[in-house]
Amino acid sequence: MSGADILVVEDDPVVARAAAMVCEGEGLSADVVERADPALELLRRRAYRLVLCDIMMSDRDGFSFLAEAARRGSRVPVVMTTGYATVENAVRAMTAGAVDFIAKPFTADELLAVVRRGLRWGEGPRAPERWREGARRLGLMSWVAPLPDGTALVGAGAAFVRSAGPLASVALSAPGTEVAQGLPCAEFSAADGLVHRLMSPLSGRVLETNRAAERPGPVAEDPHFEGWLYRVAPSDPGFELGRLAACAGGLETTAGGAP
Amino acid sequence: MRSLPLSVRLTAAAALTALAVIGLFAAVNLRSHRESLIAEVERHADQLSGAVIASTEYDMMLNQRDRLQLGIERMGSRPGVSGIRLLNKGGTVIYSSDRRDIGGTVHKDAESCAMCHSGSAPLTKLEPSKRTRVWSPGGGPRMLGIITPVYNQDSCSTAACHVHSRSQLVLGVLDVTLPLEEADRDVRRAAVQLALLALTSAAALAACLGLLVSRWVGEPVAELVAATRRVAGGELQVELAPRGDDELGTLARSFNDMTRRLSEARLQLFQSDKLASLGRLAAGVAHEINNPLTGVLTYASYLAKRTSDRPEVQRDLEVIVRETVRSREIVKSLLDFARQSVPKKEPADLNAVVRRAASVVDNQARLAKAELSFSFDPALPPAVVDPNQMQQVFINLLVNAMDSLGAAGGAVSVSTGVEAGPQGRRIRVAVKDTGCGIPPEARRRIFEPFYSTKGQKGTGLGLSVIWGIVENHGGTITVDSEPGKGSTFTVWVPAEP
């Protein structure tokens with residue numbers, strides 16, 4: 001059951017080749033397939049460490065592929081990509097179980113960051129997650145916790161931080177900037193030089209950044225509590241919070257979930 | 001009949017009905033007139049007969065035959081009398097105003113005699129109308145004849161001549177004939193008059209009715225038909241002039257209402273069609289461009305990583321990467337701008353929406369040292385809007401206002417009100433700040449997409465998207481500003497009709 005490291009499911013041959021090339025340049029092997037059904041077949045027959053899958057394909061779309069792979073018991077992490085990079089697609093991909101989402105066009109490094117993170121996703125033991133009271137999450141990437149005064153705290157998910165590897169620094173948006181649900185709001189620079197972009201769990205205006213997050217320590221060690229990133233004024237909380245998942249433990253927990 | 005205009009049909013029907021009614025009336029009138037005339041002549045004849053009998057009685061008793069004959073001749077030649085003759089019991093004409101008749105016999109089966117002599121025994125008494133007959137001798141003018149029995153009396157049976165015995169009841173009959181010519185002429189004249197009256201009345205009625213129908217029904221209906229044709233041809237700005245409070249006036253008002261609503265609905269549909277197709281176009285373009293851009297960006301960035309040993313090449317490749325990333329941002333902004341969701345509208349209280357927006361930015365207002373104040377119109381009518389989108393609009397306007405204040409802070413005031421406009425009532429929401437203001441050249445362009453005075457790469461709503469949202473709601477947004485003093489952004493949306 002040998003396989004390559006990465007399965008690339010993409011119907012545009014140039015993009016597919018580019019993705020495979022980037023992976024191979026890092027010493028990772030990649031199989032390329034044009035359509036979803038053959039991809040599902042390959043997933044069954046061979047072991048992959050990561051799937052890179054386009055949303056728009058000719059036989060079935062990426063979400064359907066994700067659902068079908070899960071139904072067939074696949075635990076391989078899937079990263080979704082698309083040329084129609086809307087926040088709806090991003091949010092939908094995350095809540096449908098993709099571990100990440102990358103919009104086309106991407107640079108080699110952007111793709112690599114996502115691939116590296118995705119490869120590390122399934123590795124290592126997982127401790128049960130603890131979340132803030134009332135928090136909701138965008139996949140396992142980021143979380144938001146509404147505060148009584150109507151504002152909300154935003155931060156990175158532990159799984160995201162872990163899979164980014166040792167952190168060198170965190171670059172945050174300045175207070176006053178707007179963030180949007182499903183779009184990048186912060187950049188985590190890893191020790192290996194890759195830059196990982198964190199997708200914001202909701203839209204709004206940044207009111208305050210966490211001083212403690214200026215050093216990577218608190219963010220890497222306690223991203224859900226001490227390592228929070230922003231306090232935002234949400235622009236459409238009623239609608240957007242509804243699109244997020246409740247926080248009740250992680251995706252795979254060893255014991256029951258924490259509050 | 002089907003293709004004639006309504007007014008013509010109504011008028012014709014009215015005229016015909018009038019004609020029929022008047023005609024019937026006239027006919028009935030005429031008949032009674034004729035009958036009374038004839039009855040009059042009958043009465044006259046009867047009276048004359050009585051008078052003749054009375055006047056000749058004495059001569060008869062004295063057996064003055066010549067004097068009788070002369071008397072009868074003289075009476076018979078009077079105008080209005082056609083003839084008088086006296087018949088004996090046997091039916092022989094004894095005396096007559098026309099000497100040629102004398103000696104002739106009238107058989108008892110003749111029409112004049114049949115009334116009394118038709119049975120087995122002759123009748124002795126009969127009312128006048130039964131004793132009269134009307135005929136036209138030789139097809140000429142009509143005559144009325146009346147037979148009056150001469151009854152036996154004591155003075156007759158005891159007279160010296162002993163002609164009549166006591167046992168006889170009827171001695172003979174008097175036959176008086178009167179011409180009906182004048183009566184007939186009278187009736188004919190009356191008939192003509194009535195006919196003329198009927199016709200003129202009908203004509204006058206028709207004319208009058210025709211005029212009124214034409215004015216009250218024909219013209220408004222023609223106007224409505226013309227207007228309907230124009231609307232059907234696509235022209236929705238048609239409006240009918242107001243006319244009165246009757247059914248046609250109400251119809252005209254409903255018509256105006258209908259075209260107005262049609263026009264609004266078409267505009268909305270057009271807008272959402274436009275938006276939808278713009279969105280689709282943008283989505284299609286973005287999708288199509290993003291794939292080839294990926295090829296360029298990925299390969300260029302990959303090569304850039306691998307040419308650290310050739311810095312000039314690497315630098316040039318980095319230019320390609322940078323410019324391609326820039327294209328990526330442009331496409332994304334285009335997608336964001338075109339992708340505004342079609343608003344889900346419902347009646348909403350804009351005062352409440354503004355309050356919600358204010359509560360969201362409350363903290364930030366404190367941080368920015370902005371003094372927020374509100375002046376809500378308590379009688380604000382509802383507006384049909386997407387409350388979420390409008391909330392985003394107000395949040396953005398408030399935050400922009402606060403941003404313009406600078407380090408020392410300032411005042412931001414929001415006011416709501418309603419005002420009447422040419423297309424109905426509009427609700428006005430104004431956000432005023434005491435900030436740095438906007439210079440005139442920038443003011444013209446701030447609602448353009450991609451235009452920014454702050455240089456920030458915002459990923460959220462910009463003024464262009466706000467403008468888009470307000471437009472989708474059929475409203476307008478304007479800005480008034482004085483650099484150094486402050487700005488006022490005013491949003492107008494139509495009130496619920």
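1. Let's start on helix H7 of chain B, residues 247–306, which is where Val285(B) sits. This is a predicted model, so take what follows in that spirit. Val285(B) comes out as partly exposed because its relative accessibility is 34%. Val285(B) also belongs to a nonpolar surface patch together with Leu278(B), Leu281(B) and Ile289(B), and the four add up to about 310 Å² of accessible area.

2. Staying on helix H7 of chain B, have a look at Arg266(B), which is placed there too. Arg266(B) is partly exposed, since its relative accessibility is 46%. What does Arg266(B) touch, leaving aside neighbours within four places in sequence? Its contacts are Gly234(B) and Leu236(B). The C-alpha atoms of Arg266(B) and Leu236(B) are 9.3 Å apart, although their positions lie 30 residues apart along the chain.

3. Before going further, a word on confidence. Chain B has a mean pLDDT of 82, with 90% of its residues at 70 or more. Which elements of chain B mark the two ends of the range of mean pLDDT? Strand E12 (residues 486–494) has the highest value, 93, and helix H5 (residues 154–157) the lowest, 69. For the model as a whole, ipTM is 0.82 and pTM is 0.52.

4. One stretch to treat with care is residues 455–461 of chain B, where pLDDT stays under 50. The model has 10 contacts for this stretch beyond four places in sequence. Where pLDDT is low, the coordinates should not be read in detail.

5. Over in chain A, Thr82(A) is part of strand E4, residues 78–82. Is Thr82(A) buried or exposed? It counts as buried, because its relative accessibility is 0%. Beyond residues up to four places away in sequence, Thr82(A) touches Asp54(A), Ile55(A) and Met56(A), then Asn89(A), and also Phe101(A), Ile102(A), Ala103(A) and Lys104(A).

6. Now the salt bridges: there are 41 over all chains. Side chains of opposite charge can pair when their charged atoms come close. One of these bridges joins Asp31(A) to Arg46(A), at 2.9 Å from N to O. Asp31(A) is in strand E2 (residues 30–33) and Arg46(A) in the loop between H2 and E3 of chain A, so the bridge ties together parts 15 residues apart in sequence. Arg46(A) is partly exposed, given its relative accessible area of 32%. The C-alpha of Arg46(A) is also 8.1 Å from that of Ala4(A), a residue 42 places away in sequence.

7. Two more bridges are worth a look in chain B. Arg67(B) pairs with Asp59(B) at 3.4 Å, N to O, and Asp59(B) is buried because its relative accessible area is 11%. Arg189(B) pairs with Asp186(B), with the closest N and O atoms 3.9 Å apart. Both of these residues lie in helix H6 (residues 181–232) of chain B, 3 residues apart, or about one turn of the helix. Elsewhere, salt bridges with shared partners link Glu26(A), Asp109(A), Arg116(A) and Lys305(B) into one network.

8. Last, the cysteines. How many disulfides does the structure hold over all chains? The count is 0. As for individual cysteines, Cys185(A) is buried because its relative accessible area is 5%, whereas Cys436(B) counts as partly exposed at 48% relative accessibility.

Notes:
Residues numbered from 1 in each chain as written. Chains lettered and ligands numbered in written order. Predicted model: local features only at pLDDT ≥ 70, side-chain atom pairs only at ≥ 80, totals over all residues. Heavy atoms only, no water. pLDDT = per-residue confidence, 0-100. Helix = DSSP H or I, 4+ residues; strand = E, 2+ residues; numbered from the N terminus. Contact = heavy atoms within 4.5 Å. Patch = residues over 30% accessible without salt bridge, like charges linked within 9 Å, V, L, I, M, F, W, Y side chains within 5 Å. Areas by Shrake-Rupley, 256 points an atom, 1.4 Å probe, with all protein chains shown as cover. Salt bridge = Lys/Arg side-chain N within 4 Å of Asp/Glu carboxyl O. Buried < 20%, exposed > 50% of the residue type's maximum accessible area, 1.4 Å probe, protein only. Disulfide = S-S within 2.5 Å.
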